[in-house]
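User: I'd like a close look at one part of this protein, its pockets. Please take me through them slowly, then carry on into the packing and charge pairs.

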Amino acid sequence: MSIEIRRAVVADAAAVHTMLGELADYQDQGAYLTASVADWQGFLGREEVVVLIAEVGGAVAGYVSALRRPYLWVGGDQLALDDLYVREQFRDASVGRQLMLALARFALPDRLPISWGLRLENTAGYRFYERLGAKLVTKTVAGWSPEAYERQLSE
């Protein structure tokens, strides 16, 4: 099976948005997905937004998305991996690994560190990333919604 990986362009916004919806539903997070195809058209036109799409036999098989952003501790940039998603029918076919390696190839010229988070219950994800040689560090991610901080500001 031949896996082709390319950088997503604005015309891929609907395909990426569809896969994002599939990922959100898979993680029981569909209710929180508010980004639209139009939002994704804007994202894919931005240089700091990196989305790589994997295709198998012309079918879209998955994607990896990341943001290039300043990494204040090291005085340079990093790639903050947002999502790695492989459609169910393409899992266990090296698509996820090839997407990660393609992201590494993207990062290599500037030697950008790549970081990401994953849920504690994602044991398969832990095994996958460990096989890639990633260092896994337990860390809690906090989120502060506009509604929550607005309440704090109004008190």
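Analyst:

**The largest pocket and beyond**

The largest pocket holds about 1,600 Å³ of space. A pocket here is an open set of points on a 1 Å grid over the protein atoms alone, where a 1.4 Å probe fits and protein lies on both sides within 12 Å along at least five of seven lines; lining residues have an atom within 4 Å of a point. Points are joined across faces, edges and corners, and the volume is the space filled by probe spheres set on them.

Before going on, some housekeeping. This is a predicted model, so local features need pLDDT of at least 70 and side-chain atom pairs count only at pLDDT 80 or more, while totals for chains, interfaces and linings use all residues. Residues are numbered from 1 along each chain as its sequence is written, and side-chain values use heavy atoms, with hydrogens and water left out.

Back to that pocket. Its lining has 35 residues, and Leu81, Ser115, Trp116, Gly117 and Val141 lie nearest the centre. At least two lining residues come from each of α2 (37–44), β2 (49–56), β3 (59–71), β4 (76–86) and β5 (114–115). Those labels are DSSP runs numbered from the N terminus: helices are H or I with at least four residues, strands are E with at least two. By type, the lining splits into 22 nonpolar, seven polar and six charged residues. Nonpolar covers Ala, Val, Leu, Ile, Met, Phe, Trp, Tyr, Cys and Pro, charged covers Asp, Glu, Lys and Arg, and the others, Gly among them, count as polar.

Next comes the second largest pocket, with about 1,200 Å³ of space. Tyr26, Leu84, Asn122, Gly125 and Tyr129 lie nearest its centre, out of 35 lining residues. Here α1 (13–26), β4, α3 (95–107) and α4 (123–131) each bring at least two residues to the lining. Its mix is 19 nonpolar, seven polar and nine charged.

Now for the packing. The largest nonpolar core has 20 residues, and Leu52, Val64, Leu79, Phe90, Val95, Leu99 and Leu103 have the most contacts inside it. (A core is a set of buried Ala, Val, Leu, Ile, Met, Phe, Trp, Tyr and Cys residues joined through side-chain atoms within 4.5 Å; buried means under 20% relative accessible area, exposed over 50%, and partly exposed in between, with a 1.4 Å probe and protein chains only.) β2, β3, β4, α3 and α4 each supply at least two residues of this core, and α3 gives the most, with six. Leu99 makes a good example: beyond its neighbours within four places in sequence, its contacts (heavy atoms within 4.5 Å) include Ile5, Leu52, Val64, Leu84 and Val86. Apart from this core there is another, of 14 residues, including Leu23, Leu44, Ile53 and Tyr85. As a rule, nonpolar side chains in soluble globular proteins tend to be buried together.

Leu20 sits in helix α1. With a relative accessible area of 11%, Leu20 is buried. Not counting residues up to four places away in sequence, Leu20 touches Leu33, Trp40, Tyr63 and Asp83.

On to the charge pairs: the structure holds eight salt bridges, each a side-chain nitrogen of Lys or Arg within 4 Å of a carboxyl oxygen of Asp or Glu. Arg87 pairs with Glu22, their closest N and O atoms being 2.9 Å apart. Since Arg87 is in the loop between β4 and α3 and Glu22 is in helix α1, the pair ties together parts 65 residues apart in sequence. Arg87 counts as buried, at 17% relative accessibility, while Glu22 is partly exposed at 27%.

Arg46 and Glu48 also meet in a salt bridge, 2.6 Å from N to O. Both ends are partly exposed, Arg46 with a relative accessible area of 42% and Glu48 with 30%.

Then there's Asp110 with Arg68, whose closest N and O atoms are 2.9 Å apart. Asp110 lies in the loop between α3 and β5 and Arg68 in strand β3, so this pair links parts 42 residues apart in sequence. Asp110 is partly exposed at 47%, and so is Arg68 at 30%. Finally, Arg6, Asp12 and Glu55 are joined into one network by salt bridges that share partners.
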